[in-house]
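Hi,

Here is the structure I promised to pass on. Have a look at it first, and my notes on what turned up are underneath.

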Amino acid sequence: MPNLNFINANILDTTQEDVFNLTFTDAPAATNQFNLKQNVSNLHQHQQQDLTTAQLLRASLQQQLSLLTTSTNDENSLENNHTVSSIQKSQQLQQNQHQQQNQQSQQTQHLQQQLSQQQRLQQQHQLVKQPTFQQQRDIQEQKISDYAFNCLTEYDFCVLDHFQGSQKSLNLLNEVQKIINSQRFEDGRLMASNQDSLSVRGDKIFWLGDLNMTPCIMQLIQKMARIIFKFNERLSNVCIRSHSKPMLACYPGSGAGYMRHVDNSNQDGRLITCLYYLNKDWNAKVDGGMLRLHPSIKHEKVDVEPLLDRLLLFWSDCRNPHEVLPSFKNRYAITVWYFDTEEREQAKLKLQGC
């Protein structure tokens with residue numbers, strides 16, 4: 001009897017119809033044929049079951065694979081969504097930070113503008129409330145100029161005390177003392193007069209120029225000029241543009257004086273006489289040396305003591321005849337004359353014989 005266990009492999013390649021068409025010549029062969037058919041049928045059933053199982057397994061695997069793919073896709077989608085969401089959040093955060101920075105920058109700029117405006121207002125307030133030294137000086141000198149011009153208009157003369165201040169006047173006096181000790185003074189002379197000058201004036205004079213000008217005397221001359229030149233704003237038919245060199249005069253304490261006279265008696269251009277006195281601790285009752293004015297307006301004499309840091313102004317023409325009373329103590333003064341520009345030019349032409 002053939003061993004069927006060894007032909008199963010071949011039967012797998014044979015169709016069922018071919019198997020049933022096989023013929024056998026003997027009974028055992030028929031039995032064997034039946035058994036073979038039965039085995040083939042069982043085998044076929046097993047194959048079908050295996051195929052079904054394999055299909056089910058395949059379907060299950062495909063389903064699992066689909067679920068796994070779906071899950072992976074979902075995870076990837078979630079990941080992508082999470083990534084997109086993170087990017088969006090980052091962008092939103094950056095945008096918010098940028099907006100905050102812009103707002104802070106705008107606020108800072110606004111505060112800086114307010115601060116700058118406040119500082120400008122404070123500076124303007126300080127300028128108005130606390131003027132600079134030059135502004136203070138200009139304001140003060142304008143007041144002095146107005147006062148002096150009003151006095152000249154009303155009385156023909158003006159007296160200004162403490163003109164430079166105590167310390168400046170003492171410094172100026174020290175400089176003058178050095179000049180007196182080092183320079184050679186000459187006798188004062190008379191202009192356009194045949195009289196003996198010594199019988200008319202007993203002062204000694206020294207003209208101050210660029211070579212012997214001292215700092216304190218220069219400050220004095222500059223301040224006088226600023227005040228006098230402001231008169232041009234109120235003078236109608238006269239213009240003041242220049243002045244003479246400063247003349248330092250000393251009246252010896254031997255009773256020297258100056259007889260009554262007029263500075264500008266022949267239209268030489270002198271308009272205003274300025275006398276600055278340098279006599280410390282002067283006592284007119286003992287020392288004498290007062291300047292006596294005879295102003296045309298008052299028709300009475302006016303005595304002015306030559307006190308330290310006093311400035312005397314008066315018209316230089318016939319409106320103010322004046323004299324220096326005898327001095328019994330050395331008496332010092334600096335004199336500057338301010339010119340009527342037109343009259344001064346005419347006087348120069350006349351002197352040149354034109």
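Let's start with Phe 231. This is a predicted model, and in it Phe 231 touches Ser 145, Ala 148, Phe 149, Leu 152, Ile 240, Ile 272 and Leu 313, leaving aside residues up to four places away in sequence.

Phe 231 also shows up in the largest nonpolar core, a set of 42 residues. Along with Leu 172, Ile 217, Met 224, Ile 272, Leu 278 and Tyr 338, Phe 231 is among those with the most contacts inside that core. If you want to colour it by element, the ones giving two or more residues are helix 4 (133-155), strand 1 (157-160), helix 5 (166-182), helix 7 (215-229), strand 5 (247-251), strand 7 (270-277), strand 10 (311-315) and strand 12 (331-340). Helix 7 gives the largest share, with 8 residues. There is another core apart from this one, with 15 residues, including Phe 157, Leu 275, Leu 291 and Ala 333.

Next, the empty space. How many cavities of 30 Å³ or more does a search of the whole structure find? The search finds 1, and the volume of the largest cavity is about 30 Å³. Its lining consists of Phe 163, Met 224, Ile 227, Ile 228, Cys 274, Leu 311 and Leu 313. By class that makes 7 nonpolar residues, with no polar and no charged ones. Helix 7 and strand 10 each put at least two residues into the lining, and helix 7 has the largest share, 3 residues. Two names come back here: Met 224, listed for its contacts in the largest core, also lines the cavity, and Leu 313, touched by Phe 231, is in the lining too.

The second largest pocket has another character. Its volume is about 310 Å³, and 14 residues line it, those closest to its centre being Phe 133, Arg 137, Lys 168, Lys 223 and Arg 226. The lining breaks down into 2 nonpolar, 7 polar and 5 charged residues. Helix 4 and helix 7 each supply at least two of them, with the largest share, 5 residues, coming from helix 4.

Then the charged pairs. The structure holds 9 salt bridges, and I picked out these:

- Asp 203 and Arg 201 meet through their side chains at 2.7 Å, N to O. Asp 203 counts as buried because its relative accessible area is 2%, and Arg 201 is buried as well, at 7%.
- Arg 292 and Asp 303 form a salt bridge at 2.6 Å, N to O. This pair links distant parts of the chain, with Arg 292 in strand 8 (residues 291-293) and Asp 303 in strand 9 (residues 302-304), 11 residues apart. Are the two partners buried or partly exposed? Arg 292 has a relative accessible area of 18%, so it falls under the 20% cut-off and is buried. Asp 303, at 33%, is partly exposed.
- Asp 317 pairs with Arg 319, the closest N and O atoms lying 3.0 Å apart. Arg 319 counts as partly exposed, with 29% relative accessibility.

If you only open one element in the viewer, I'd go for helix 7: it gives the largest share of the largest core and of the cavity lining, and supplies at least two residues to the lining of the second largest pocket.

Cheers

How values were computed
Residues numbered from 1 in each chain as written. Predicted model: local features only at pLDDT ≥ 70, side-chain atom pairs only at ≥ 80, totals over all residues. Heavy atoms only, no water. Core = buried A, V, L, I, M, F, W, Y, C linked by side-chain atoms within 4.5 Å. Buried < 20%, exposed > 50% of the residue type's maximum accessible area, 1.4 Å probe, protein only. Helix = DSSP H or I, 4+ residues; strand = E, 2+ residues; numbered from the N terminus. Contact = heavy atoms within 4.5 Å. 1 Å grid on protein atoms, 1.4 Å probe; cavity = no way out; pocket = protein on both sides within 12 Å on 5 of 7 lines; lining within 4 Å. Points joined across faces, edges and corners; volume = space filled by probe spheres on them. Nonpolar A, V, L, I, M, F, W, Y, C, P; charged D, E, K, R; others polar. Salt bridge = Lys/Arg side-chain N within 4 Å of Asp/Glu carboxyl O.
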